[in-house]
Amino acid sequence: PPYLSPHHTMSSRPQATVLSVTGDKTSTQVPIPDVFSAPIRVDIIRHVHRTCANRLRQPYAVNDYAGHQVSAQSWGTGRAVSRIPRVNGSGTHRSGQGAFGNMCRGGRMFNPTRVWRKWCGRLPTSSRRYATVSAIAASGVSPLVLGRGHKIEKIAEVPFVVSNDIESFTKTKQAVQFLKAVGAYADVERCIASKTVRAGKGKGRGRRYKKSKGPLVVYKTNNGVAQAFRAIEGVDATSVDRLNVLQLAPGGQPGRFIIWTEDAFKALATKFGSYDQKNSSNLVNYGVPFTLPEPVMKNTDVSAIIESDAIQSVASGPKLNIIAVPTRKINALKSWKSMRKLNPYGIVQNRRGLLKPSKVNEKAQNGEFLKSVRKIDF
C-alpha cells in the first residue's frame with residue numbers, strides 16, 4: 001500500500017535525466033541513489049559543521065612576555081597605596097606607576113591566551129558521515145534549495161545531473177556558457193550582486209570581501225573542470241571522493257544547489273551503498289561496513305496513515321456521550337483510601353504504629369511502678 005512504501009520522501013523519483021552541455025535533455029536515465037532518501041538531520045549537520053569549521057581556526061596567543069617587560073616591584077604596606085607592583089626608578093612619569101596587572105596601563109591581559117587551548121571538539125567518523133549523507137539528501141529537495149536562496153527557477157529538476165563533458169572544460173568561458181545554457185547562471189549573478197566589503201578588521205587580514213555561496217560542481221575526474229570553475233564568483237568544484245559538510249551545507253544550512261556529473265552521480269551508490277547492499281569500502285567500528293541511516297518513520301504523513309482503509313477497518317469508532325466526572329482533591333493524611341493509592345505500604349506502617357507502645361504510655365507506666373515500690377515497707 002502507498003502508506004507503507006519504504007523510504008517515501010520528496011526525492012524518491014526512480015531516475016534522473018542527464019542533461020547535455022547545451023542544456024538539452026538526453027535519453028540517458030540514471031537511477032537516483034538511496035543516499036537521497038536518507039533522513040535530513042539539521043541538528044547533526046550544524047554540529048558537524050561547527051566542529052569542522054573550528055578545526056580550520058588559526059591558533060593565536062599573546063606574547064609570553066607581554067606586559068612584563070619592565071622592572072617593577074611592590075612597595076609593600078604602610079605607604080597608603082595599593083600593593084600592585086610599581087615601576088622602579090625616578091625622574092620620569094613612568095616610575096612609580098603600576099605594572100604587570102591587567103588593571104594597569106601597559107600591563108598584561110587577564111588570563112593570557114595560549115596556543116594549546118581546545119580549539120575544536122571530538123568528532124566521530126559516524127557523525128561526520130551521517131551529516132554528509134543528510135546534506136546530500138537535502139540537496140535533492142527543491143524547497144530546501146530554494147530556502148537557502150538559490151535561484152533554481154529555470155532548472156529542470158533536482159538532483160541536477162549533467163553529462164561528463166564538463167569534466168574536460170579548461171576555460172572559464174566554457175564554464176560560463178554552460179551555466180547560462182542550463183539556467184544556473186542566475187544563481188551566479190546572485191552571488192556577484194551579494195559581494196560586499198567585510199565589516200571589522202578582517203578586511204585587512206586577507207578576507208576583505210563577503211559573498212554568498214553559489215552552485216557546487218561535483219565531478220568524478222578532474223580533466224580541467226576545477227580550473228574552469230574556480231574563477232567564477234560563488235561557484236565551487238570538488239571531487240565526489242572528497243565531499244564534506246563545509247561544502248555541502250555552508251554555514252550549517254542544508255540544501256545547497258549541486259551540479260552532478262554523470263559519473264559522480266553514479267559513484268554515490270558505490271561510495272555510500274544502499275539499503276539493500278552495504279558498502280564494504282567505508283568501514284567503521286573495527287571493520288563494520290557503513291550503513292545508510294534510515295528515518296524513524298517511512299512515511300511522515302500521519303493523517304494519510306490514519307485515514308487509510310487498512311487502519312480505519314480495524315480502528316474502533318468514536319466514543320459518544322462521555323460524561324466527565326468532576327474530581328475532588330482529598331487530603332491523603334486524613335483519608336486512608338487516598339493514602340492507599342499513594343502509599344500502599346502505609347497500612348502496614350499504621351498497624352505497626354498502633355501495636356507499638358508510645359513513649360507517653362511507657363513513662364506513665366514507669367511512674368506508677370515507682371510509686372508502688374515506695375509504698376512497700378521493707
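Select Ala 38 to begin: this residue is buried, with a relative accessible area of 5%, where buried denotes under 20% relative accessible area, exposed over 50% and partly exposed in between (1.4 Å probe, protein chains only). The model is a predicted one, in which local features need pLDDT of at least 70, side-chain atom pairs count only at pLDDT 80 or more, and totals for chains, interfaces and linings use all residues. Residues are numbered from 1 along each chain as its sequence is written, and side-chain values use heavy atoms, with hydrogens and water left out.

Ala 38 belongs to the loop between β2 and α1; helices (H or I, at least four residues) and strands (E, at least two) are DSSP runs, numbered from the N terminus. Display next the contacts of Ala 38, contact meaning heavy atoms within 4.5 Å. With neighbours within four places in sequence left aside, they are Val 133, Ala 137, Tyr 275 and Pro 293. Add Pro 295, which is 257 residues away from Ala 38 in sequence, yet 6.7 Å away in space, C-alpha to C-alpha.

**The aromatic pairs**

Rings of Phe, Tyr and Trp (its six-membered ring) pair if their centres lie within 6.5 Å; planes under 30 degrees apart count as stacked, over 60 as edge-to-face and the rest as tilted. Seven aromatic pairs are counted by this rule. Select Phe 36 and Trp 260: their ring centres are 6.1 Å apart and their planes stand at 75°, so the pair is edge-to-face. Phe 36 lies in the loop between β2 (25-31) and α1 (42-55), and Trp 260 in strand β10 (residues 258-261), so the pair ties together parts that are 224 residues apart in sequence. Phe 36 is buried at 1% relative accessibility, and Trp 260 is buried with a relative accessible area of 1%.

Move on to Phe 169 and Phe 178, whose ring centres are 6.2 Å apart with planes at 65°, so this pair is edge-to-face. Phe 169 is buried at 9% relative accessibility and Phe 178 at 1%.

Return to Phe 36 and Trp 260 and add Phe 265, which forms one aromatic cluster with them. Leaving out residues up to four places away in sequence, Phe 265 touches Trp 260 and Phe 36, and also Ala 16, Val 30, Pro 31, Ile 32, Pro 33, Pro 159 and Val 161.

**The sheet and its helix**

Colour the open sheet of six strands, with the order β2-β1-β5-β10-β8-β9 and mixed pairing; two strands pair if DSSP finds at least two bridges between them. At the edges stand β2 and β9 (236-239), each with a single partner strand, so one side of each is left without a neighbour in the sheet. Within the sheet, β1 (residues 15-19) and β5 (residues 160-162) pair in the parallel sense over two bridges, and Leu 19 stands opposite Val 162 in β5.

Show helix α8 (residues 262-272) next. This helix lies across β1, β2, β5, β8 (216-219) and β10, running at about 90° to β10; axes are lines fitted to C-alpha atoms, for helices over the stretch in contact, and angles run from 0 to 180 degrees between N-to-C directions.

**The nonpolar cores**

A nonpolar core is a set of buried Ala, Val, Leu, Ile, Met, Phe, Trp, Tyr and Cys residues joined through side-chain atoms within 4.5 Å. The largest has 36 residues, and Ile 136, Trp 260, Phe 265 and Leu 268 have the most contacts inside it. Helix α2 (125-138) is among the elements that give two or more residues to this core, and its six residues are the largest share. Finally, select Ile 152, Ile 155, Val 188 and Phe 229, which are among the 26 residues of another core, apart from the largest.
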